[in-house]
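Subject: Handing over a structure

Dear colleague,

Please find the structure below, together with its sequence. I would be grateful if you kept it open while reading, since the notes that follow go from one place to another within it.

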Amino acid sequence: MGLATFKGGIHTYEGKELSENKPVQVLQPKGEMVFPLSQHIGAPAKPLVAAGDQVLVGQKIGEAGGFISACVISSVSGTVKTIEPRMVANGSMVMSIIVENDGKYQETEGFGKERDPKSLSKEEIRDIVKEAGIVGLGGAGFPTHVKLTPKDETKIDTIIVNGAECEPYLTSDYRMMLEEPDSIVKGLNIILQLFDNAKGVIGIEDNKPEAIRLMTELVKDEPRITVCPLKTKYPQGGERSLIYAVTGRKINSSMLPADAGCIVDNVDTVISIYNAVAKSTPLIRRIITVTGDAITNPQNYNVRTGTNYAELLEASGGFKTEPEKVISGGPMMGQALFNMNIPVTKTSSALTCMSKDEVALNAPTACIRCGRCVNVCPSRVVPQMMMQAAVRSDIDAFVKLDGMECCECGCCAYACPAKLPLTQAFKEMRKTVIASRKKA
C-alpha cells in the first residue's frame, strides 16, 4: 500500500539538513517587547492595559475583539511603554502594545499550575484555550477555540495533527516531535475529549522516519490515535491536501474542515493546547527555525512572543555571507523582509536567510503553454488562464476560473519554466475579489 498523499504538488530541495539535528534552545529576549494586537485571522484584540501599567508573564493584555479573534498574552514582566503602530512581517503597521522587559519574568498567580484535563468539562477546556490566546501555529493563525467549537460536534470524526512540515528548510515541528512527543499525544487526547465520535490521526511525512517511529511507539496503546505516514511532497501539510491524504475527502474554499468531519491542528498548536489545559500556561512562546545558507549557525529556538527578529539573527551568529533575500517563514509561503526590526508573533515560524535571490535571478518570459502549472496544482485549477484574467484585472473571469480555490501554495510559480509570478498575481486578485464582495 502506498503512502497517503494528494494529487499534484512538487518535490523541492528540502534544505532541512541545516537545522534538523539542532535541538531546540531557549532564547531569552534582551530589548523591548512588541505585542501586535492582530496576530491572528479575525478582529484585532482590544488592549486591556495602558502606558505605565505593570504587567506579568502570562497576563492577558489584549482581549479578543469578537468571536473570531484571539487574546494577546504578555510573555515577560515589565512596564507598558506605549501602544502604537509597529511593523510586522508582512510590512503592514499594526497597533501594538510595547512592554519594557524588566528581565525578572514575574508570573501571574497560578501560572504553570498543573491540573487534570479529565476533570474539566468540554466548555471549560474551550474557555481555557480561548483565554490562552491559542491560534493555528502552522501559519494561518485561525483562533483555535473557534476551530474547536463547530456547529455540530457530533459530526466531527477525525482530528488530524499536522506533522507534515512540508515547507522547505523548516524543522521546528520535527524537533518538537522528537523532543516533546508525549505533549503531542496528551494534547491530542485533550482535543478528543471534546469530540466523542472522533479518532485522532497524526500525519507525518516519510522524510521524518525517526518522528514516525517515535510517535508510532507512543500511541501503540492509544485506541483512538494512529500515525499516518505521508508521502514527502509539497504542499502535503496544506489543510486541504492533508485532509484528502488522510481521509480521501475533498473540501473547497466555501467549506471548513468541519464540513468534512475534520479538525486539523498543527503539532505545536496541539502542544500549546496541552500546555494551557494541563499546565496553566498560555501561548507566550514560539518554536522558530533560523536557517538558510547565509546563516552562520542554523538553529531551532524556543523564543518568547514579542522578541525582535534581530535577536534571533544575533543568537545564530549573524550572516556568514550577505544575504540577497531574508524571509519570515519558508521560501514557498513565507514573506520577504526588508527590515529585521519586527517582532516574533504567534504565526512566526522561521527566519530563512538566502545568499541568492532565485526569483530575482530569473526574469519572467512569455508563457509557453506547457501545462506544468496545471499538473502540479493541488487545487486542480488552471493557473495559465487565471494569469490571463489577472493581467486584465478581470475579476469575473478570475472567479469563473475558480481563482478563489487557489491556496497560494506557490507550486505553479515553482514549476513554471517562464518564471511567471503566478502566485503573487493570484494573491492580489484574491484580495481584490474579497474587497469587491465586501463593498457589495
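K431 counts as exposed, at 53% relative accessibility, and what follows starts from this residue, with the caution that the model is a predicted one. The side chain of K431 meets that of E428 in a salt bridge, with 3.8 Å from N to O, and E428, at 36% relative accessibility, counts as partly exposed. Because the two residues are 3 apart in helix α14 (residues 422-439), K431 and E428 are separated by about one helical turn.

This pair belongs to a longer list, for the structure holds 26 salt bridges. Another of them joins R126 to E153, whose closest N and O atoms are 3.2 Å apart. R126 lies in helix α1 (residues 122-131), whereas E153 is in the loop between α2 (144-147) and β9 (158-163), so the salt bridge ties together parts that are 27 residues apart in sequence. With a relative accessible area of 8%, R126 is buried, while E153, at 24%, is partly exposed. The side chains of K220 and E217 also meet in a salt bridge, at 2.7 Å from N to O; here K220 is exposed, with a relative accessible area of 57%, and E217 counts as partly exposed at 44%. You may also wish to look at E32, K81, E84, R86 and E100, which a network of salt bridges links.

Turning to the spaces in the model, the structure holds 1 cavity of 30 Å³ or more, and about 90 Å³ of space lies in it. Its lining is made of 14 residues, of which C377, P383, C406, C409 and C412 are the closest to the centre, and the elements that give two or more residues to this lining are α11 (383-391) and α13 (411-415). By type, the residues of the cavity lining divide into 11 nonpolar, 2 polar and 1 charged.

The second largest pocket, for its part, has a volume of about 320 Å³. Of the 18 residues that line this pocket, F111, T281, I284, R285 and N302 lie nearest its centre. Two or more lining residues come from each of β1 (25-27), α7 (267-279) and β14 (299-304), with the largest share, 3 residues, coming from α7. The lining of this pocket divides into 8 nonpolar, 5 polar and 5 charged residues.

Some points of backbone geometry deserve a look as well. Most residues other than glycine have a negative phi, and most peptide bonds are trans. R369, however, has a positive phi, near 55°; R369 is found in the loop between α9 (358-361) and α10 (372-376), where it is exposed, with a relative accessible area of 62%. R380, in the loop between α10 and α11, likewise has a positive phi, of about 60°, and counts as partly exposed at 48% relative accessibility. A cis peptide bond, with omega about 0°, joins Y234 and P235, and P235 lies in the loop between β11 (225-230) and α6 (239-247).

Finally, on the surface, I41, F67 and I68 form a nonpolar patch with about 270 Å² of accessible area together. Within this patch, I41 lies in the loop between β2 (33-36) and β3 (46-47) and counts as partly exposed, at 38% relative accessibility.

With kind regards

Methods. Residues are numbered from 1 along each chain as its sequence is written. This is a predicted model: local features need pLDDT of at least 70, side-chain atom pairs count only at pLDDT 80 or more; totals for chains, interfaces and linings use all residues. Side-chain values use heavy atoms; hydrogens and water are left out. On a 1 Å grid over the protein atoms alone, a cavity is a set of points where a 1.4 Å probe fits but cannot get out, and a pocket is an open set with protein on both sides within 12 Å along at least five of seven lines; lining residues have an atom within 4 Å of a point. Grid points are joined across faces, edges and corners, and a volume is the space filled by probe spheres set on the points. Helices (H or I, at least four residues) and strands (E, at least two) are DSSP runs, numbered from the N terminus. Ala, Val, Leu, Ile, Met, Phe, Trp, Tyr, Cys and Pro count as nonpolar, Asp, Glu, Lys and Arg as charged, and the others, Gly among them, as polar. Patches are made of residues with over 30% relative accessible area and no salt bridge: like charges are joined within 9 Å, nonpolar side chains (Val, Leu, Ile, Met, Phe, Trp, Tyr) within 5 Å. Accessible areas come from the Shrake-Rupley method with a 1.4 Å probe; for residues, only the protein chains shown count as cover. A salt bridge is a side-chain nitrogen of Lys or Arg within 4 Å of a carboxyl oxygen of Asp or Glu. Buried means under 20% relative accessible area, exposed over 50%, partly exposed in between (1.4 Å probe, protein chains only).
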